[in-house]
Structure formats: structure tokens, C-alpha cells
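This report describes a ligand site and a helix pair. The sequence and the structure are shown below.

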Amino acid sequence: MTQRETKAVLGTTHWWHRAQQVMPGGVNSPSRSFYGVGGGVPPIMVRGAGAWIEDADGRRYVDYQAAYGPLVLGHAHPAVVAAVARQAAQGTVLGATHPLEVEWAQRIQAAIPGMRWVRMVSTGTEAVMSALRLARAATGRPVVVKFAGLYHGHSDGMLVKAGSGAATVGAGTSDGVTQAVQDEVVVLPYNDSSAVACCLDQRGSQVAAILVEPVVGNSGTLLPHPGYLAELRRLADRVGALLIFDEVITAFRFRWGAVEQEAEVEPDLYCLGKIIGGGLAAGAYGGRADLKALLAPDGRVYQAGTHAGNPLAAAAGLATLSVLEETNPYPRMAELAGVLEAGLRDQAWHQGVRVTINRKGGMFTLFFTEGPVHDADGASAASAPQFHAFYHHLLAHGIYLAPSALECWFVSAVHTVQDIEATLEATAGALAAAAAVTV
Ligand SMILES: *Cc1c(COP(=O)(O)O)cnc(C)c1O
């Protein structure tokens, strides 16, 4: 069979059919379905190279989904591939502490000085889940304050009014999360510190932690109001609760280190993931020095993992961090994303489509609403039919976004000016398609 025939036989339609037979909804993560774009067959992706991704029908796309965030260096970056191959030949998991994981943790610590210690895990979900367990142990209190529409992985308590994929498929609070768990989670609007003050006045003595994405990537992009994070710090201190920054999306995305370093607000604990794994599964948490001794084996807060600190993930993560530190791609990522933003605004204006674009550095979201968009309610006020039309036009014209209005575009270090120009050619038609939708 020639390659062309293979493609024709085993294309997206073939694999999507088989995927649906064996995997719930045809996906291993609900946000990959086309639930959030009004349906359709999601392309089955077979390979990626740099800023491009290719589906099972041989169609190529400029990729802004970036696997939901890890691919700051694009797909199959040579330094990452070489590091992973080198380590794979020496063992993929060793079940003991390994030099690369020590270097990895130290590199992260050097970039984020507030992490006085680092514990590696395998996902962002685990990082948050473990940090919350630690916060509850440290304070002896049960309640966690979090914010509507933010996403902190899929541990039970974090699926109370979660954003991102959970909100997209209408499962903001998942079935199967017990009332007892829900009672220990307070969900407040983002960017409203008076709501936090009010909650703490009533329940402050029960609150173990305030958990927040300092810059949000899971209700689309939301930016904190000036002073908001400092106010959360002050309020947490007032009642003796910990402040936890979930930087799974934001760390190493806008700068070398955490976005917290710009806000000049130091949390008690940080949660990391995505970019630090360089495209392999990884997460991490860490923070205040005195909390270190509470963790097993020294302390009595238990958390473990067969693949925690996995050598392959360490190799990929270290290689990625090295490239980021040596090349500082951040100004260029911001500049290219700025060109996209300006182009999109201009095109939307010419088409008479009302949009709000929230952007930080290389990360942004275009909302089909007049805005402004500061919280989950603002994000969900955007027009779904317009986004669906926009999305499918882009997909048909070789531009791949995450299939949800509540996700971000990620401009990576390897997108080129040509990629941006090609994208803007496609978005002109996509915005015209959105304009044609009656809202
Ligand atoms: C992606 C994400 C998570 C969950 O990470 P997984 O590796 O998917 O478990 C947690 N918090 C934030 C802010 C995220 O963006």
C-alpha cells in the first residue's frame, strides 16, 4: 500500500469511528471533543513539527492550541527530542532519585526563588491536589476558597464550578463530587476582592487556602485587576490562610520564572505543570520553607507517584527550560501575538463584529462580546454561534485552535512572521463567517 492509499484508508473518519467505539466520547480528555464548537469530527492528529500539526488526512495546520499549553517550543523541538532519546536509551523510569530530576527541580527553583523546595509530580491535577492537602494539614482547616471558571485539574473538590473543558461541556460541577466535598470549597467571582473579604469575615477561621490562577488561562485569558493579587495576599494573611498560585499555565509562559514575580506578590505555595514538562507529563509544587518538613517521608502529609520526577520528563523539561533561559523568546512571542491581536481587532472592526481580546504576552483569547471580560460571567456572555462559525472556518483553512471559546491561543517560540500572516489571511474570512451569524 502506498502512503497515499494508507492515508485515504486510515484517515480521520476511520480513526474517529474506532475511537468512539472504545473511548468514551472518542477522547481521553473531554476538551478534545468538538462539543464546544457545535459538533463535527475533530481531526485525528498524527504528527507535529514546530508550529505545525498534521492530521490523519494529511492536512497541515498552524497550531495555536499547543496541546493546551506545554508546547512553548512547538512540536518535536530538536533539543527536546535529543534529550528524550538520550535518556530513553538509559532507562525510562528508575524508581529511585535520578540526577536529572535533581537538576530539573533546582533549575525551577533558581527561576522561581519563592519555591524554597520543589516536589515533582506527573500532572497539574496532582500538583494542586497535593498542595491543597498540604495547606489543610498546615492550617488544620478544611475550606478552600477558589474562583468560578478557573481550572485546577480534576481532583474532586476542584470540579466545583470549574472552568475550561468542564465548563465547555456543561459539567462545571461534575457529577460524582459528593456534597461533603462541595461543602469544603467556596467558589467566588474572580477579580472581586470584596467577595473574598466578605467570605473570610464569615468563614475565615475555617479557610485553609485561597487558590487562584494569578493570570487566568481557563476562562479564556483573564487578567487580574491591578492590586487584586496583593489584596488576596493581605486577606489570606488576615485570617491565617495560605495563598496558593496555580501557575500550571502561566509559569515560564511570559518570562523566565513565574508570573507572580511581576505581580510582586509571593504565595505560600506554587503549582506548576505544562511547560516545565517540555511536552511530557509533569507537574510540581513547592513554596514556603517551613512547609517542606510536613511532607512524607519527613512529615505526615502523604503524596507519592510511580512516575513522579520521571527521567524522560526531566530530560524534556530540562531541555525546554535550557532553551528558554538561553534564548529568551518571550519578547518575540509577545510581539507576534501583538501583531495577531492588532490584525484581529482591525478585521473585526471592518466586519462589524463585536469582540474583546484579552492578551498577555504570547497568550490571548478573542471573545465574541463587547466586553470587557474580567471574570467567568463575562467570558460566558460571549456568542457561542459566532465562535463556532469562526472556529470551523479557521479549521477548514489550516488554523488549529483549541475547540472551545474558553481556551487560549498560544503563540510559541517557533511561530514565524509567515505563520502569523497566513493566520491573518484565514481570520479575515473567519470573522466574516462570524459576522454572518445572527446573534
Ligand atoms: C492544565 C491545568 C491544570 C491541570 O493540569 P493537568 O496536567 O491537565 O492535570 C491545573 N491548573 C491549571 C491552571 C491548568 O491550566
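## Polar contacts of the ligand

In this predicted model, a nitrogen atom of the ligand lies 3.2 Å from a backbone N or O atom of Tyr 151. Gly 124 also takes part through its backbone, with an N or O atom 2.9 Å from an oxygen atom of the ligand. Lys 274 contributes its side chain instead: an N or O atom there is 2.6 Å from an oxygen atom of the ligand. Of the 390 Å² of accessible area that the ligand has on its own, the protein covers 84%.

## The shell around the ligand

The residues that surround the ligand include Thr 123, Gly 124 and Thr 125, together with Tyr 151, His 152 and Gly 153. Also in this shell are Glu 213, Asn 218, Asp 246, Val 248, Ile 249 and Lys 274. By class, the shell holds six polar, three charged and three nonpolar residues.

## Packing of helix 4 and helix 11

Two packed helices are described by the angle between their axes and by the distance between those axes. Helix 4, residues 99–111, packs with helix 11, residues 311–327, at an angle of about 40 degrees. Their axes are 9 Å apart, and the crossing of helix 4 with helix 11 is left-handed.

On the helix 4 side, the contact is made by Leu 100, Glu 101, Glu 103, Trp 104, Arg 107 and Ile 108. Helix 11 meets them with residues including Pro 311, Ala 313, Ala 314, Leu 318, Leu 321 and Glu 325. The contact of the two helices comprises nine nonpolar, four charged and two polar residues.

Methods
Residues are numbered from 1 along each chain as its sequence is written. This is a predicted model: local features need pLDDT of at least 70, side-chain atom pairs count only at pLDDT 80 or more; totals for chains, interfaces and linings use all residues. Side-chain values use heavy atoms; hydrogens and water are left out. A residue is near a molecule or strand if one of its heavy atoms lies within 4 Å of it. A polar contact is a pair of N or O atoms within 3.5 Å; within protein, one must be able to donate a hydrogen and the other to accept it, and residues adjacent in sequence count only if both atoms are side-chain atoms. Accessible areas come from the Shrake-Rupley method with a 1.4 Å probe; for residues, only the protein chains shown count as cover. Ala, Val, Leu, Ile, Met, Phe, Trp, Tyr, Cys and Pro count as nonpolar, Asp, Glu, Lys and Arg as charged, and the others, Gly among them, as polar. Axes are lines fitted to C-alpha atoms, for helices over the stretch in contact, and angles run from 0 to 180 degrees between N-to-C directions. Helices (H or I, at least four residues) and strands (E, at least two) are DSSP runs, numbered from the N terminus. A crossing is left-handed if the near helix is turned anticlockwise from the far one by less than a right angle, and right-handed if clockwise. Contact means heavy atoms within 4.5 Å.
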